[in-house]
Number of protein chains: 2
Amino acid sequence: MHDCRRPLRLVEPEWMSACDTCIVRNRAICAGLEHPEITALSAMGRRRSVSAGEPLIWEDDDSLLVANVIEGVLKLTTSTADGREQIVGVAYPSDFIGRPFGQTSAASVVALTDARVCVFARNDFDRFAREHPELEHKLLERTLAELDRTRAWMMLLGRKSAPEKIATFLLDMSERLADNGCMAHTGPARQFTLPFSRQQVADLLGLTIETVSRQFTRLKADGVVALPGRRDVEILDRAALQALAG
Amino acid sequence: MHDCRRPLRLVEPEWMSACDTCIVRNRAICAGLEHPEITALSAMGRRRSVSAGEPLIWEDDDSLLVANVIEGVLKLTTSTADGREQIVGVAYPSDFIGRPFGQTSAASVVALTDARVCVFARNDFDRFAREHPELEHKLLERTLAELDRTRAWMMLLGRKSAPEKIATFLLDMSERLADNGCMAHTGPARQFTLPFSRQQVADLLGLTIETVSRQFTRLKADGVVALPGRRDVEILDRAALQALAG
DNA sequence: CGCGATCCTTGACCGAGATCAAACTGGAAT
DNA sequence: ATTCCAGTTTGATCTCGGTCAAGGATCGCG
């Protein structure tokens, strides 16, 4: 789907921007931009590291920045006044985060793992996007896909039981965490490391940490999964998971 | 926010398209398109009536059409194999429905009230949109706003109690159903008629019909709302509702 | 006006998942 | 090693909302 054979350079000539060696260059919304444009965009943005647990955007803040995820995983959350939290989205490398063309951000963004992002001032980005329809089109496709995923998750939150939620979650992770690199599509991962704590899984599924823990324990007891480490999952019986997912 | 003083004509000269008299012309994504474009778009689309309960798009169907809502209210739903349903979106006049730039639709669309829509073949629309950045920009803004709304709803589905869900729902309806016309912004409606049956409210909130009914009864008993008809709501104590909504 | 169908409400009961509390685990720091 | 501590698991109990089962209201229609 994307060309991954872009030449790797160890030294950057003067005319090259940081984008030329960016590992998500072919997958992020920047893909397809040619040289004058990529240079202009590169001049507006700057790279930033965010360590695990560190916030990047606050809910209800003025929407001041947008970003591309280069590396790592981040969560988008909304919270109630009394501290309940719901994870409303998860951003992986090449994903776009933030709220362009709007005054405020509806969700907080916090890094789940150490992460690197490429941030832009929102109004700079907005202006640039409006002048580059190809970029806006990429952003539109991404936003439509994210809306589809979000709606599927609403079904999970509103109508699925705890066992169904957990099974659906594990299958989803198995696909999302499969091929983050740029190799040929390898299919869903049999084993993987979750970027979430138990509490975060609970916040994603609309459950409590205790229920999540009990469901994991049960799947392990039934031989459906193995749990070699706190965050490690190995799927032993995918068919059983699919049956449970409903 | 939009200009509502577009002249009304009772007869249409030859060169006018149906769009020129369209009541959502100034609010839908078509707003801002000028004459050669609006004529081309008009030629591609056709108007269609959908009666209450009638489907317009089937979940998992090939995404063959997209549409603008002219009049009426429609629901977007996803269902599980065993028949559980979740309403994942509601479309009002001037809203855009369907999945452009994608092979399949993730949700079914069914009319809640008698409705009129302006439908386009998806591939015609896709091609036209790619050639008209201004249209794509409007669609992007709309999709981003819808994503924000959907994420706020995820919080409701995952973390709110039944009383909180009902209160949030009523306040949301009070705003959405306020000024569907094009008059000056009137603020939230004090009384309104729901476009939903009790079962549909349940499908929207991730509850059962019995729970919805009990919560309505309780709000009535507490003098927070009056319920003059099956679908009629009058808000007597908005502050109480806001407190309940959390 | 009365009939029937559909939608809605109410009641009794149940159970999945929340809550409260305590014990366990595994990695980091001393 | 030992201690410490956050994160996790497990157990006991409770409660909110679901389920099952009747009734009641409302509306379209003859």
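This briefing describes the protein surface around one DNA strand and some of the aromatic rings in a predicted model. In this predicted model, local features need pLDDT of at least 70 and side-chain atom pairs count only at pLDDT 80 or more, while totals for chains, interfaces and linings use all residues. Residues are numbered from 1 along each chain as its sequence is written, chains are lettered from A in the order in which they are written, and side-chain values use heavy atoms, with hydrogens and water left out.

**Surface near DNA strand D**
- DNA strand D is surrounded by 18 residues, the closest being A:Arg198, A:Thr217, B:Ala162, B:Thr211 and B:Arg214, where near means that a heavy atom of the residue lies within 4 Å of the strand.
- Of the atoms of DNA strand D that come within 4 Å of the protein, 63% belong to sugar and phosphate.
- Helix 6 of chain A supplies the largest share of this surface, four residues, helices being DSSP runs of H or I with at least four residues, numbered from the N terminus.

**Atom pairs with DNA strand D**
- A polar backbone atom of B:Ala162 is 2.7 Å from a phosphate oxygen of DNA strand D, and an N or O atom in the side chain of B:Thr208 is 3.0 Å from a phosphate oxygen of the strand.

**Aromatic rings**
- Ring pairs, with centres within 6.5 Å, link A:Phe96, A:Phe120 and A:Phe125 into a cluster.
- Both A:Phe120 and A:Phe125 are buried, meaning under 20% relative accessible area with a 1.4 Å probe and protein chains only.

Note on methods: A polar contact is a pair of N or O atoms within 3.5 Å; within protein, one must be able to donate a hydrogen and the other to accept it, and residues adjacent in sequence count only if both atoms are side-chain atoms. Helices (H or I, at least four residues) and strands (E, at least two) are DSSP runs, numbered from the N terminus. Buried means under 20% relative accessible area, exposed over 50%, partly exposed in between (1.4 Å probe, protein chains only). Rings of Phe, Tyr and Trp (its six-membered ring) pair if their centres lie within 6.5 Å; planes under 30 degrees apart count as stacked, over 60 as edge-to-face and the rest as tilted.
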